[in-house]
Amino acid sequence: MGGCEVMKVLALLLTHLLASLAEKQDLSGKMFTFPEESDTAHVILVPNQSKSLTAVTVCLRFFSDLTRAQSLFSFATPASSNGFLLYKQANGVYEIDKNDKFVLFRSLGDYPNQWNSVCATWNSQTGIAQVWVNRKQSTRKGISQVGDISGTPSIILGQEQDSYGGKFDKAQSFVGMQTDIYMWDSVLPDPEIALYMNRTIPQKTDGNVINWKSLDFTIKGYVIVENQINA
């Protein structure tokens with residue numbers, strides 16, 4: 001690891017330490033608003049745990065009018081800038097990256113200028129990944145059975161990390177709103193994901209890695225916390 005990467009790891013560790021001393025916030029009924037395209041504005045999420053991951057579920061809701069590609073959730077490690085990446089390639093087309101290997105999921109209905117609910121899963125035991133969008137589940141596809149996701153994580157909303165903790169490209173930035181962001185260190189059962197998709201019935205289990213109801217986060221640049229809109 002080069003000196004620059006070591007400094008980034010130390011900076012992330014310091015961020016995690018400072019966040020652990022701060023009071024976590026319950027963002028129920030709130031949202032992050034990313035008002036403009038940029039290569040700077042982002043939110044750093046501090047996980048509740050940093051152990052190696054052998055399985056992942058990430059769920060979130062987003063509201064945007066962009067038709068270009070944009071990053072929804074970027075989880076990097078010192079070994080891989082795409083430790084776990086949820087990326088919207090185009091309308092109805094989603095990408096999951098795990099340690100720089102990726103697979104695409106197509107024909108998943110999403111809509112501009114309204115809330116879209118998305119969950120992405122991966123399991124090392126089978127190598128299977130899957131995406132759910134607005135109650136519709138994708139075909140299950142193999143991505144990687146080799147290797148855990150390990151190392152001090154850098155978790156970022158609003159930008160896609162092309163290097164650990166940085167190297168952002170505004171053409172990949174997210175513009176719009178995000179809310180109800182959760183991450184688990186397991187693959188949630190289908191009925192639990194269905195509960196998340198049905199916003200009137202809350203899921204039974206809050207995320208044990210990222211929990212929207214008890215969130216450590218740092219805002220960098222032009223990002224606003226607002227009351228969630230209904231649409």
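# Exercises on a predicted model

Alanine 55 is buried, with a relative accessible area of 9%, where buried means under 20% relative accessible area, exposed over 50% and partly exposed in between, for a 1.4 Å probe and protein chains only. The model is predicted, so that local features need pLDDT of at least 70 and side-chain atom pairs count only at pLDDT 80 or more, while totals for chains, interfaces and linings use all residues. Residues are numbered from 1 along each chain as its sequence is written, and side-chain values use heavy atoms, with hydrogens and water left out.

## Exercise 1: the surroundings of alanine 55

Task: state in which strand alanine 55 has its place, and list the residues in contact with alanine 55, leaving aside neighbours within four places in sequence.

Solution. Begin with the secondary structure, in which helices (H or I, at least four residues) and strands (E, at least two) are DSSP runs numbered from the N terminus; alanine 55 belongs to strand β3. Next apply the contact criterion, heavy atoms within 4.5 Å, which gives Trp122, Asn123, Trp184, Asp185, Ser186 and Val187 once neighbours within four places in sequence are left aside. Finally, take the C-alpha atoms of alanine 55 and glutamine 125, which are separated by 8.2 Å although the two residues are 70 residues apart along the chain.

## Exercise 2: the disulfide

Task: find which cysteines a disulfide joins, and determine the handedness of the disulfide from the torsion about its S-S bond.

Solution. A disulfide is a covalent bond between the sulfur atoms of two cysteines, and the search criterion here is a pair of cysteine sulfur atoms within 2.5 Å. One disulfide is found in the whole structure, and it joins cysteine 59 to cysteine 119 with an S to S distance of 2.0 Å. Because the torsion about the S-S bond of cysteine 59 and cysteine 119 is about 110°, the disulfide is right-handed. Cysteine 59 lies in strand β3 and cysteine 119 in strand β8 (residues 116–123), so the pair ties together parts that are 60 residues apart in sequence. To complete the description, both cysteine 59 and cysteine 119 are buried.

## Exercise 3: the nonpolar core

Task: identify which residues touch the most other members of the largest nonpolar core, and which strand gives the most to this core.

Solution. In soluble globular proteins, nonpolar side chains tend to be buried together. A nonpolar core is a set of buried Ala, Val, Leu, Ile, Met, Phe, Trp, Tyr and Cys residues joined through side-chain atoms within 4.5 Å. The largest such core holds 49 residues, of which Phe32, Leu45 and Phe73 touch the most other members. Strand β3 (residues 55–63) gives the most to this core, with five residues. For phenylalanine 73, the contacts outside its neighbours within four places in sequence include Leu45, Val58, Leu60, Phe84, Ile155 and Met183.

## Exercise 4: pocket and cavity

Task: give the space in the largest pocket and in the largest cavity, and classify the residues that line each of them.

Solution. On a 1 Å grid over the protein atoms alone, a cavity is a set of points where a 1.4 Å probe fits but cannot get out, and a pocket is an open set with protein on both sides within 12 Å along at least five of seven lines; lining residues have an atom within 4 Å of a point. Grid points are joined across faces, edges and corners, and a volume is the space filled by probe spheres set on the points.

The largest pocket holds about 220 Å³ of space. Its lining has 16 residues, with Arg61, Asp180, Tyr182, Pro202 and Gln203 nearest its centre. The elements that give two or more residues to this lining are β13 (176–184) and α2 (190–197). Counting Ala, Val, Leu, Ile, Met, Phe, Trp, Tyr, Cys and Pro as nonpolar, Asp, Glu, Lys and Arg as charged, and the others, Gly among them, as polar, the pocket lining divides into six nonpolar, six polar and four charged residues.

One cavity of 30 Å³ or more is found in the whole structure, and the largest cavity has about 50 Å³ of space. Its lining includes Pro47, Lys51, Phe75, Ile149 and Val209, and divides into six nonpolar, five polar and one charged residue.

## Exercise 5: positive phi

Task: determine whether aspartate 180 counts as buried or exposed, and state its phi.

Solution. Most residues other than glycine have a negative phi. Aspartate 180, in strand β13, has a positive phi of about 50° although it is not a glycine, and at 13% relative accessibility it counts as buried.
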